[in-house]
Amino acid sequence: MKRFLRRNQKKHRYTAALLGAAAALSCVAAGVCGGCGIREDSSGVSVLVSVDTAMGTVVRQTVYTEEEEDRDVTQEILRRIRELEHELLSWRLDTSEVYSVNFSAGNEEGIPLSDSLEEILEQCLTVSRRSQGAFDPSLGAVTRLWKIDEWAGLESAEGYELPTEEEIQEALQSAGYEKLVLKEGRLYLPEGMQLDLGAVGKGVALTRVREYLEGEPQVKAAVISVGGSILTYGDKADGSAWSVAVVDPLDPSESLGYLALNGQWCVSTSGDYERYVEVDGRRYHHIIDPETGCPADSGLSGVTVLCGDGLLSDALSTACFVLGKERGADLVEAFGAEALFVDHDGEISMTDGMKAYFHFR
Ligand code: AMP
Ligand code: MG
């Protein structure tokens, strides 16, 4: 891993007491007008631009299509992302499979899984094993204890109570991916264990969107972001690269630079600025170290992972945030992915392969 210092004097400038889930990356598709709407370019390709919400975050789409104007492919993509959340991944909605799975915790007969959820969990468990548990999809009891999903809606931290050490230790008892048994299409969750797939949901959505687009030949190219995860699909007509901005975690209104990518990538960012609560001047963010049950403190403020697969990019960015840059770099390299790390001082380091894609602002 090559490391170099870009700046180390910059002070943290966290002003907002609370920040909701914000898109960790923004995409800049050259030639696309801002806002929502359709623009026809000279070759007869329409450019559809939309901004919506799904999965508790912002979904931004720029789609280049030869579509008739009366069929809006962005709305179909949005529908699919929402369906994924409602039917499969949400732990909060009683319509989802994860909700039913969590309800089955402690049931000795386990619960049958759909092929989709089985595949997702198998991939998750691979990352859990290889990250020595830094990424753990069974942390639901702990993430709920911290009330992470409620932080975005809080107007101030007043009334919010941090969990006690005793409560954290108790919640940790019920977590641990090694205690989860996945056998012959059935999942056996021990009593008290709760799945939380929040660290991979947006990445899974990108993979689903790509599969959908592959069956839509009129769509020539697209850039889709779901919160901090971005998909580049297809190539632009002029052959130029997609430009995907990497947010500065010390000042999320700014970018550090951008990744120049062709249309085959998933990019995910995990950062301590995405979702957090500040109590007595101290920031508590949403990425939990499974060893302590508390917000990870590996010295990083943000990690961006580049990978061909959405679930992997998303899982790896979360794992890297917990592991820190040295162990994180080893992990992504084991998966053939690339990563860029920003530590609390703003020092940027990246895997060697990332240097081919990343350009400073
Ligand atoms: P991300 O922003 O992709 O890094 O995902 C963070 C979300 O994943 C949190 O809001 C939690 O729901 C969940 N989470 C937190 N810590 C972990 C962890 N160590 N492993 C797996 N999921 C986690
Ligand atoms: Mg993630």
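## Strand 10 and its neighbours

Two strands pair if DSSP finds at least two bridges between them. Strand 6 (residues 57-65) and strand 10 clear that mark, with 7 bridges in the antiparallel sense. The model is a predicted one. One pair shows the match: threonine 65 has valine 219 of strand 10 as its bridge partner.

Strand 10 also pairs with strand 11 (residues 229-234). This pairing is antiparallel too, and it runs over 6 bridges. Here serine 225 stands opposite isoleucine 230 of strand 11. Strands 10 and 11 form a hairpin, with 2 residues between them. Glycine 227 sits in the turn and has a positive phi of about 55°.

Is strand 10 enclosed or open to the outside? Strand 10 covers residues 219-226, and 7 of its 8 residues are buried, so the rest of the structure largely encloses it.

## A three-stranded sheet

Strands pair in a sheet through backbone hydrogen bonds, either parallel or antiparallel. An open sheet of 3 strands follows the order 7-9-8, with antiparallel pairing. Which strands lie at the edges? They are strand 7 (111-112) and strand 8 (181-183), and each pairs on one side only.

Strand 7 meets strand 9 (residues 186-188) over 2 bridges, in the antiparallel sense. Proline 112 stands opposite arginine 186 of strand 9.

## Helix 1 against helix 7

Two packed helices are described by the angle between their axes and the distance between the axes. Helix 1 (residues 73-89) packs with helix 7 (residues 201-214) at an angle of about 135°. Their axes are 10 Å apart. That angle makes helix 1 oblique to helix 7. The crossing is right-handed.

Which residues meet? Helix 1 brings Val73, Glu76, Ile77, Arg80, Ile81, Leu84, Leu88 and Leu89. Helix 7 brings Gly201, Val204, Ala205, Arg208, Val209, Tyr212 and Leu213. The residues of this contact divide into 11 nonpolar, 1 polar and 3 charged.

## Helix 3 against helix 8

Helix 3 (residues 115-130) and helix 8 (residues 310-323) cross at roughly 40°, and their axes come within 10 Å. This crossing is right-handed. From helix 3, the contact uses Ile120, Gln123, Cys124 and Val127. From helix 8, it uses Leu311, Leu312, Ala315 and Leu316. What kinds of residue are these? The contact has 7 nonpolar residues, 1 polar and no charged.

## Leucine 316, a buried residue

Leucine 316 is found in helix 8. Is leucine 316 buried or exposed? Its relative accessible area is 0%, so leucine 316 is buried; the cut-off for buried is under 20%.

What does leucine 316 touch? Leaving out residues up to four places away in sequence, it touches Val127, Val305, Leu331, Val332, Phe335 and Ala337. Val127 is also one of the helix 3 residues in the contact with helix 8. Glycine 328 is 12 residues from leucine 316 along the chain, and their C-alpha atoms are separated by 8.2 Å.

## Aspartate 330, an exposed residue

Aspartate 330 has its place in helix 9 (residues 325-334). Aspartate 330 is exposed, because its relative accessible area is 53% and exposed means over 50%.

How far is aspartate 330 from serine 131? In sequence, the two are 199 residues apart. In space, they are 9.5 Å apart, C-alpha to C-alpha.

Methods:
Residues are numbered from 1 along each chain as its sequence is written. Chains are lettered from A and ligands numbered from 1 in the order in which they are written. This is a predicted model: local features need pLDDT of at least 70, side-chain atom pairs count only at pLDDT 80 or more; totals for chains, interfaces and linings use all residues. Side-chain values use heavy atoms; hydrogens and water are left out. Axes are lines fitted to C-alpha atoms, for helices over the stretch in contact, and angles run from 0 to 180 degrees between N-to-C directions. Helices (H or I, at least four residues) and strands (E, at least two) are DSSP runs, numbered from the N terminus. Angles under 35 degrees count as roughly parallel, over 145 as roughly antiparallel, 65 to 115 as roughly perpendicular and the rest as oblique. A crossing is left-handed if the near helix is turned anticlockwise from the far one by less than a right angle, and right-handed if clockwise. Contact means heavy atoms within 4.5 Å. Ala, Val, Leu, Ile, Met, Phe, Trp, Tyr, Cys and Pro count as nonpolar, Asp, Glu, Lys and Arg as charged, and the others, Gly among them, as polar. Buried means under 20% relative accessible area, exposed over 50%, partly exposed in between (1.4 Å probe, protein chains only).
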